[in-house]
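Welcome, and please open your viewer. We will go from the whole chain to one pair of helices and then to a single residue.

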Amino acid sequence: VKDKLKIVFTTYIMVGLITHGIALFNKISFHDDTMETLLGASYTSGRWSIYIIDELRGFLFGTKFVSSPCFNGCVTLILFAFVTYILIEAFHISNRISLILISALLSSFPYFATLFAYMFTAWVYGVCFMIAAVACYFLCNKHNRTTFIIGTVALAFSVGIYQAVIPFILSFFVIHEIIKLDYIEKSTWGDFFKDVLYYAGNCFAFMSLYVLIEQWFLWKFEVSLTNYQGIGEVGNISMKAYLYRILVAYKRFFQPIRFTGGDVFPGRIYYLYFGVILAAEIGTLSLLKRNYHKSKTVFIQILLCVLLMPMTINFVFVMCDEKVTIIHVLMQYAQIFIFIWILYLLERGYFFTIKYQNKCIFKNLTFVLLGSIVIGQSRFDNSVYIKNQYLQNQAICYFTTLITRIQSVQNYKEDYPIIFLNSKNKSTKLTFEIPGGGDLYFYPGNEGSIINDYR
């Protein structure tokens, strides 16, 4: 255990610093972070747990939200390193190369290039996935009433931080059930349906508790859910629409989002992903074949779980309509399970045993493929930070010049109110008006301008 922990944390932090160092040691603000450096949304977005964390943080430290890149970023990496360790323990990954690869893959995952753009709340998301991972681990390994109750509360709390943790929870349950069946010699349908009812019951319980507490917060503060990203319309669609979304979830497993801003596998990594899918398919067929000869019942049970896996990994596409909602990278952390799955298959030897000089060629090629993805992800994340830094500096220079020009106008006085309206790019004619009251908002870039969403 100590060796595993040492390998995972050392690799995760080292690769994390190489990949995300620019974001950790520079202040890069983007989108929400530029206006919510010292505050944020909670129960009105269905995230009541954030309100609880904010109040506790405010009580302990005097300030709720502070977008501190080094502190928040390092804490976030440590929390997600712990999540990675729980995953390798839960899914029986122990090979040294596999441990290094999974730590490097998850640490350089493009998810963090998005998360660190919202540095004011980054570590809170780390808490979200850490709680979910710990709860899932104990729920999968200890089927008793106490674990069920504590796990239900913990999962409800994690969903209350960020609803996109749900695909992570479902994928954890499904893959763990496959691994459990893979390790046993015999299984009855009674035992299988008992597990299914246990997990389904837990999902129903934590979602019910989450909704109940959310409704209490809305009643308490006399507010309603925002309609942002369809949050206020959850569940108000037909069964036909849900069936269509399920098909979309399967489609996105084999054909991920591309060129939309929600690219989890950006650039050339997109093509490497198909190599991962191919390797996973080959390994999965080998797993099914071995279990078919072991037990027909176990084979069918594993097959049912395998068929569910693509949907659970992409369950965010069931939760949201991709035609209406922007499915951005921050909502797709569950995509990491494709890497977890393929490394489990490698661990169990579910691949071709073609050897050259006593070395398994297919296994080594898969390691090379995953290593290439690590390099691609790390390089991509760095390029994202460099671009953000460049555009942020450009925006600062632009506003500095604009302010200088305004102050240089003849007869200008500092107490004159000025408002800057509806700029789509730098050449747009500026409109100045005397505001009728209320706060002033400087908001260029709201439609994809050259200054890249900076307020």
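Accessible areas here come from the Shrake-Rupley method with a 1.4 Å probe, and for residues only the protein chains shown count as cover. With that in hand, select the whole protein chain: its accessible surface comes to about 22700 Å², and 64% of that belongs to carbon and sulfur atoms.

A word on the source: this is a predicted model, where local features need pLDDT of at least 70, side-chain atom pairs count only at pLDDT 80 or more, and totals for chains, interfaces and linings use all residues. Residues are numbered from 1 along each chain as its sequence is written, and side-chain values use heavy atoms, with hydrogens and water left out.

Now switch to a cartoon view. The protein chain has 16 helices and two strands (DSSP runs, H or I of at least four residues for helices and E of at least two for strands, numbered from the N terminus).

Next, select residues 2-24, helix α1, and residues 96-107, helix α5. They pack at an angle of about 35 degrees, with axes 8 Å apart (axes are lines fitted to C-alpha atoms, for helices over the stretch in contact, and angles run from 0 to 180 degrees between N-to-C directions). Show side chains: among the residues that meet are Ile 7 and Tyr 12 in α1, and Leu 99 and Ile 100 in α5.

Last stop: Ile 53, in helix α3 (residues 48-61). Is Ile 53 buried or exposed? Ile 53 counts as buried because its relative accessibility is 11% (buried means under 20%, exposed over 50%, partly exposed in between). Leaving out residues up to four places away in sequence, Ile 53 touches Trp 123, Val 124, Phe 157 and Ile 161, a contact being heavy atoms within 4.5 Å.

How values were computed
Buried < 20%, exposed > 50% of the residue type's maximum accessible area, 1.4 Å probe, protein only.
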